[in-house]
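Reader: Please give me a close look at one chain of this model. Then take me briefly through the contact side and the helix that you would pick elsewhere.

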Amino acid sequence: MSDAAAHEFQFSSAEHRRETAISGIWLFLATEALFFGPIFLSWIYARFADPNAFDAGGRQTELTIGVTNTALLIASSFAYSVGLAFMEFGSRRGMVLWLLVAWALGAAFIGLKFGVEWRMDLAKGLFPGANFSVHGPSRNGAQLFFAFYFFSTALHGLHLLVGLALLAWIIFQARRFTAERHSPVRVVGLYWTFIDVIWLILFPLIYLIGRAS
Amino acid sequence: MNGYWPSATLEGREVDLLLLALLLVSCAVLALVFGLILLYMVRYRAGSGVHRGARSDQAWRFEIGWTAATLAVFFGLFIWGGDLYVRLFQPPADALQIYVVGKQWMWKVEHQGGQREINALHVPINRPIQLVMTSEDVIHDFSVPAFRIKHDVLPGRYETLWFQIDRTGAFELFCTQLCGVGHYTMTGEVVAMSQPDFEKWLASGAASEGHEDMAAAGKELFTAHGCSGCHGEGGVGGSPETTGVQAPALAGLYGHSVKLQTGATVTADDKFIRDCILTPDKTPVAGYPQIMPSFSGQISEEKVLRLIAYIKSLKSGSRT
Amino acid sequence: MTHSAAQVSYLEDGHTLRSWLLTTDHKRIAILYFVAITFFFFAGGFAAFLMRYNLLSPHGLLGSAETYNRLFSMHGILMVWFFLVPAVPVTLGNFLIPLMLGARDLAFPRLNLLSWYLFMAAGFVALYAVVAGGVDTGWTFYTPLTSLYSKGHVVAAIVAIFIAGFSSIATGLNFIVSIHKLRAPGMTWYKMPVFLWSLYATSVILVLATPVLAMTLLLLAFERIFGIGVFDPAIGGDPLLFQHLFWFYSHPAVYVMILPGFGVISEIVPAFSRKELFGYKFVVWASIAIAVIGFLVWGHHMFVAGTSLFSAIVFSLLSYMVAVPSAIKVFNWIGTMHKGYIHFDSPMLYAIGFIGLFTTGGLTGLFVAALAADVHLTQTYFVVAHFHYVMVGGMVSAYFAGLHFWWPKITGRLYPEMWGRAGAITIFVGFNLTFFPQFVLGYLGMPRRYFAYPQQFEALNLLSSAGALVLALGYLLPLGYLTWSLLYGERASANPWGATGLEWTTPSPPPTENFAVTPIVTQAPYQYEQPEAASHE
């Protein structure tokens with residue numbers, strides 16, 4: 001077993017190295033959670049200050065696209081997990097296939113979100129500023145909502161793009177992984193699912209709360 | 001600088017007492033820490049032949065001891081500082097209200113009689129004064145070191161600060177929140193005068209030139225901005241028969257509680273009336289349709305204050 | 001890949017520029033950081049020096065308030081994010097953590113190098129912001145001044161801090177994982193030196209608080225770029241929300257600065273008292289308590305900002321709570337000196353200076369934690385003096401103490417001891433001369449960030465500026481003699497101080513692989529022999 005070549009000299013074994021990598025990504029996700037945390041907190045706080053106007057903004061969003069996108073992301077995470085399971089059972093081919101599905105679903109999200117939905121939002125004049133199209137008493141609160149909306153979806157989209165790049169890298173490197181050694185597949189999978197979780201918090205904030213009241 | 005010490009307010013002198021206590025505690029701790037360090041530096045220096053004896057193996061006793069002592073002292077200081085702060089936070093009910101608007105880089109003051117001044121604040125002594133403060137642009141801070149008080153002045157909301165001066169004099173006023181290039185020029189003075197002098201000042205030429213009573217100025221705005229079109233002349237309220245729309249009465253509103261559509265009950269104070277004018281959507285009053293337009297961006301902070309002064313002046317049933 | 005010749009010193013292992021710039025050796029990365037950090041310290045210090053020059057006259061000597069505002073903003077930004085927060089972790093921490101753990105490197109060496117590149121990128125963006133004209137918002141970036149009114153290069157400054165933040169996160173993450181996963185056989189948690197514990201607590205704060213700052217600054221940049229945003233009161237946003245989020249990072253960041261200092265002092269005091277650290281477990285858990293409670297005290301920066309009475313009271317109480325563990329540490333260091341055999345080498349002098357200055361800074365913290373007293377003192381020079389006692393008197397002294405203590409290990413050279421002692425004393429005296437008058441100025445009501453000030457504050461400002469001259473000399477001394485020692489210093493032995501700890505068991509400077517054979521730990525830390533038995537000196 002060429003174990004020595006498979007890990008750097010600070011690790012005692014390849015297994016030691018794998019455990020360390022997994023600890024690292026979990027800690028990184030904790031960081032990411034605190035990165036997004038202030039948006040969620042400020043979002044809820046801002047709505048609390050002026051719920052009527054804020055919700056009036058929320059009702060301008062495209063629910064159908066939001067629901068479709070949520071379904072796409074959940075399906076994508078599912079596909080990734082299936083791919084990972086294939087790898088654990090030793091089927092590299094199965095993994096590549098399912099990861100391609102996951103990648104395509106993620107790309108579809110990006111296309112729908114920024115190619116279609118954002119374009120519609122901008123066409124409707126929903127970007128905050130002088131040309132904002134909601135008038136009347138709800139104007140300010142609705143602008144505040146859309147400031148959050150564009151900021152957070154852009155940031156989430158950016159994370160998704162990084163995820164797509166990592167996924168592509170995993171697919172191209174697939175030859176290197178075996179049923180025993182595939183910690184990068186796990187690490188990227190955790191990140192990929194995390195982006196999904198962030199979206200699952202954004203989804204109700206964007207599309208549901210304004211409509212519920 | 002004259003009159004900095006003792007402080008010109010009772011609360012200021014109490015703050016000084018608290019500071020003195022803090023100073024004494026600090027000096028005692030510093031004496032202990034420096035004393036022990038110096039003592040050990042001499043006594044236990046490497047070359048010293050002093051007998052070290054057995055070391056205590058019951059470190060935890062010391063640990064519990066000094067932790068408990070620290071906690072007790074800290075808790076006492078916390079209670080003292082907190083108690084005084086609560087009093088600084090709550091103005092007496094009969095305080096004289098004066099309005100302050102901060103902007104880059106000046107303080108604009110308006111008295112209820114409409115007397116206006118810039119970078120100066122004239123007040124009577126032996127009477128609680130409450131400042132209602134807001135900003136036109138960035139965050140400022142109204143600070144009078146001689147009274148040991150300060151408070152931030154924020155755009156978009158009213159903050160208050162109160163004090164009662166017990167001797168006459170002029171005291172420095174600083175802006176203590178960085179507000180841009182001219183921050184250091186945003187200074188002025190608080191002039192404390194006896195009640196008769198203050199009244200003379202209010203009536204004097206310099207202060208009263210071209211001024212109009214705040215409420216009277218507010219009344220003009222009330223008509224000019226169309227408030228009376230719905231709320232009726234003199235703010236008596238509107239109904240489909242009189243003004244064409246259902247609008248709440250404003251006379252006698254100030255200081256009373258108002259029920260909102262959200263179910264909450266709030267007291268109609270300055271902040272509430274300001275919100276009603278600028279962001280009516282936030283404060284939908286129960287029993288009325290939410291049709292009031294927002295005046296945000298259309299009325300300056302000073303005009304809002306005059307409107308509020310007018311609404312405050314309206315007594316129930318009065319038709320001025 | 002494998003270095004069989006374990007005796008090649010890390011300094012000798014490659015001489016090309018490439019061998020430095022592409023190194024993954026934690027020790028070389030620490031050296032890269034040393035160079036960068038030293039530059040930023042003196043850049044920020046130079047800004048401070050010009051500020052003190054300006055304040056020599058009540059009318060301001062620099063001639064322009066804009067220049068002055070840009071100087072103190074630059075001073076704050078460079079010192080906080082490019083010196084105080086990273087200094088001890090990225091230099092001494094990077095160098096020592098693997099050595100103290102008995103490991104060959106950190107868990108993620110390439111991430112470590114990446115974090116240096118991020119730091120450098122951030123530094124260049126910050127310097128660009130300075131050269132382009134700087135910012136005049138102060139390091140606190142309060143809205144709406146920063147987002148809507150300021151005319152400076154705010155976005156560039158924010159980008160710099162944002163990138164530096166990710167460098168911090170990468171470093172913190174690396175340290176936490178390394179301490180969890182790379183401890184040598186036998187090194188249980190309670191056998192770890194306190195320095196490791198402190199850096200562990202520091203890293204937890206870095207990893208959990210920095211992302212909050214990053215997001216807050218992004219929101220601020222958004223508002224700045226589009227002229228409309230979530231803190232804008234014109235559309236119902238709340239500028240106080242910015243302050244809450246900003247201090248949620250920036251208060252714990254104070255502990256990021258000072259906790260590693262506590263770690264350094266906890267190594268040095270036992271080493272030069274030839275005695276075990278008094279109350280090891282209390283010191284350790286005090287660090288953890290500070291890291292935890294430190295997250296819950298941010299509101300004490302906002303006692304006059306317009307928050308509620310209830311929040312002010314809670315934050316005041318919690319602020320007193322967070323001071324307790326710091327007091328415990330001070331008592332334990334003094335307890336360590338009790339019945340010791342105290343040597344007065346330079347590191348110990350810096351450490352004693354640290355205890356004195358930090359205690360003063362901590363005690364004045366009690367003033368500003370007491371609500372009613374804070375109303376008077378906040379935003380004045382009292383607060384400036386208070387945090388400089390903690391940050392400069394405390395953290396910078398601890399950094400110098402650590403630097404002198406581990407200098408022989410890092411460079412393999414000894415510095416001239418007399419110069420070291422002279423430096424320590426000059427810094428202590430100069431520091432007090434500079435900052436003590438500012439306590440009085442603050443009590444008398446002089447507001448901070450004033451380009452010109454009323455006449456009555458002139459005498460104390462003169463005194464403070466004169467002190468700054470002594471302090472500047474004090475900081476230039478180590479720059480001089482430490483640089484000199486690199487070329488002409490005496491060769492250091494593996495353990496010149498007779499200290500305990502795994503780092504002293506390797507040669508000075510250590511070989512690339514740190515340890516030829518992975519050490520096995522059997523003893524608790526700080527097992528100093530009784531000099532009477534060992535006949536020391």
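Author: **Chain A, then its partners**

Chain A has 213 residues, and 38% of them are buried. Buried means that 20 or more other C-beta atoms, placed from the backbone, lie within 10 Å of the residue's own; 12 or fewer make it exposed, and anything in between is partly exposed. The model is predicted: local features need pLDDT of at least 70 and side-chain atom pairs 80 or more, while totals for chains, interfaces and linings use all residues. Residues count from 1 along each chain as its sequence is written, and chains are lettered from A and ligands numbered from 1 in the order written.

Chain A holds 6 helices and 0 strands. Its order from the N terminus is α-α-α-α-α-α. These elements are DSSP runs numbered from the N terminus: helices are H or I, at least four residues, and strands are E, at least two. The C-alpha trace of chain A spans about 75 × 30 × 25 Å along its principal axes. Of its contacts with a separation of 6 or more, 75% join residues 24 or more positions apart. A contact needs C-beta atoms, placed from the backbone, within 7 Å.

Now the contact side. In chain B, 67 residues are in contact with 66 of chain C. On the chain B side, α2(B) gives the largest share, 18 residues.

Last, the helix. α12 of chain C covers residues 346-369, 24 in number. From first C-alpha to last it reaches 34 Å, close to the expected 34 Å. That expectation is 1.5 Å times one less than the number of residues. Because 24 of its 24 residues are buried, α12(C) is largely enclosed by the rest of the structure.

Terms used. Contact = placed C-beta atoms within 7 Å.
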